[in-house]
Amino acid sequence: MQNLQSAQASNKVPDIVQVGWAYTNYFGSNFKYLTPTAAQSKFDKNSHFITKNFTKRTLSFAKDSNGKLVGLPYSLSTPILYYNKTMLDKYGIKASDLATWEGVSGAAKKIKAASGNYGLYIQEPGDTWAQQAVLLSNGAKIIQKGKAAFDSKKGQAAYQLYQDMVVKDKTALHTPWAQGMDAFVNGKVAIAYTTVAQASHVKSSVNFDVQAITSPHFKGQKAVVPVGGSMLAITAQKTAQQKAAWVFEKYMYDNSSLVTWSKGTGYLPPTSSALKDPTFKSYVNDNPMLKPAIAQIDTAVPWTSFPKNGLDAEQTMIDARDKILAGSSVKSTLKAAQEKINEQQ
């Protein structure tokens, strides 16, 4: 986004950009772009391309806070729970024990006590996507009516369980994403909560039986996952370039193009036809860890995108995560982060 701002200032914007879901509102408010609906109307005799290829839920991922379609969904992912079945079997832990976060915590304690290994790692990249999933799965809200709303009793309880595992029980690992995944594939962590886009890396790196299941939930709640990935948006300003961008996008959404992209990146295709494509189905059969992620797409919710100052809001949430996992008060840290974000909205 920062690079795109510089490009726009010098009038050298690309014709198409790939925008992460967390910045949908930030992109829509700060850049000049052509909506997919307008491009379809302007350049396409087929007025049903969008509605034919994308479900209403999938399109909702690419809409801003005013319900305007900013781009077309391109890369989709959901967080899933990978587990070292070899290790879990050794200590009498079943996959069904990991259906709830309380169950994951209990399994992690058992593994730590028996082996000294960490039980859990939740991804910690430069965003809070996975942490948002944890909060949402306890019934908490990240945003409500355009304002941050994660500082609630349910939000605090979810983060408290997470902090207790890291700080108090020392059953969960707190480290940057690359190191955390290295620890998992090297057998030092039993369970990893991360994107399905890591499936290929995990499969090719481990020397144990690794499997994956859908995202856990807290007792009495339902698992809720925010969709990961990105959309494609047209930033070309001249008509000829806009038309070419639309034609190119349609090519990118051919089943063969999407399946090639999915195989190369680990992301899930955004169209119903690509998900049903025989080539993709065959790929999934050979890579069964994708199945829980696909199962979650139909119930996934949009990744939180704040209407204003989206870059700053995400950084504030990252800072809050890191402070909490370092031992700071969950209640006061979430309160301060929410207030800071809402002052900027």
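Colleague: In which order do the three strands of the open sheet stand, and what is the pairing?

Modeller: This is a predicted model. The order to read off is β1-β10-β2, and the pairing is antiparallel. β1 (16-20) and β2 each have a single partner strand and stand at the edges, so one side of each is left without a neighbour in the sheet. From one strand to the next, the twist averages 25°.

Colleague: How many bridges does β1 form with β10?

Modeller: Five bridges join β1 to β10 (residues 228-234), in the antiparallel sense. To check the register, take V19: its bridge partner in β10 is M231.

Colleague: Which helix lies across β1, β2 and β10?

Modeller: That is α12, residues 239-252. Its direction is at about 145° to β10.

Colleague: Take a residue in β2. Is S75 buried or exposed?

Modeller: The cut-off for buried is under 20% relative accessible area. S75 has 1%, so S75 counts as buried. The residue belongs to strand β2, which spans residues 72-77.

Colleague: What does the side chain of S75 make a polar contact with?

Modeller: The partner is the side chain of W261, at 3.0 Å. Leaving out residues up to four places away in sequence, S75 also touches others, including Q18, W21, Y267 and L268. G228, G229 and S230 are among the residues it touches as well.

Colleague: Now the other sheet. What is the order of its five strands?

Modeller: The order is β7-β4-β8-β3-β9; the sheet is open and the pairing is mixed. At the edges are β7 (172-173) and β9 (210-213), each of which pairs on one side only.

Colleague: Where does the mixed pairing show up?

Modeller: Go through the pairs in turn. β4 (residues 118-122) and β7 run parallel and are joined by two bridges. Within that pair, Y121 stands opposite L173. β4 also pairs with β8 in the parallel sense, over four bridges, and there Y118 has V189 as its bridge partner. β3 and β8, by contrast, run antiparallel, with five bridges between them. I80 is partnered by T194 of β8.

Colleague: How many residues of β8 are buried?

Modeller: Seven of the seven are buried, so the strand is largely enclosed by the rest of the structure. Y193 is a residue of β8, and its relative accessible area is 0%, so Y193 is buried. As for distance, the C-alpha atoms of Y193 and K141 are 20 Å apart, with their positions 52 residues apart in sequence.

Colleague: Which helix lies across β3, β4 and β8?

Modeller: Helix α7, residues 101-115, lies across β3 (79-84), β4 and β8 (189-195). The angle between α7 and β4 is about 135°.

Colleague: Where does K188 lie, and which residues is it in contact with?

Modeller: K188 is in the loop between α10 (177-185) and β8. Setting aside neighbours within four places in sequence, its contacts are N117, Y118 and A183. Sequence separation can be set beside spatial separation here too: K188 and V225 are 37 residues apart along the chain and 26 Å apart, C-alpha to C-alpha.

Colleague: Which side chain of opposite charge is nearest to the buried D127?

Modeller: The general step is to compare the distance with the salt-bridge cut-off of 4 Å. For D127 the nearest such side chain is R321, at 5.6 Å, and D127 has no salt bridge. D127 sits in the loop between β4 and α8 (129-136). Residues up to four places away in sequence aside, D127 touches W303, E314, I318 and R321.

Colleague: And N30: what is its relative accessibility, and how does it count?

Modeller: Partly exposed is the class between the buried limit of 20% and the exposed limit of 50%. N30 has 36% and therefore counts as partly exposed. N30 is located in helix α2, residues 24-30.

Colleague: Which backbone oxygen lies 2.7 Å from a polar atom of the N30 side chain?

Modeller: The backbone oxygen of Y26. N30 is also 25 residues along the chain from Q5, while their C-alpha atoms are separated by 8.2 Å.

Technical notes:
Residues are numbered from 1 along each chain as its sequence is written. This is a predicted model: local features need pLDDT of at least 70, side-chain atom pairs count only at pLDDT 80 or more; totals for chains, interfaces and linings use all residues. Side-chain values use heavy atoms; hydrogens and water are left out. Two strands pair if DSSP finds at least two bridges between them. Contact means heavy atoms within 4.5 Å. Axes are lines fitted to C-alpha atoms, for helices over the stretch in contact, and angles run from 0 to 180 degrees between N-to-C directions. Buried means under 20% relative accessible area, exposed over 50%, partly exposed in between (1.4 Å probe, protein chains only). A polar contact is a pair of N or O atoms within 3.5 Å; within protein, one must be able to donate a hydrogen and the other to accept it, and residues adjacent in sequence count only if both atoms are side-chain atoms. Lys and Arg count as positive and Asp and Glu as negative; His and the chain ends are not counted.
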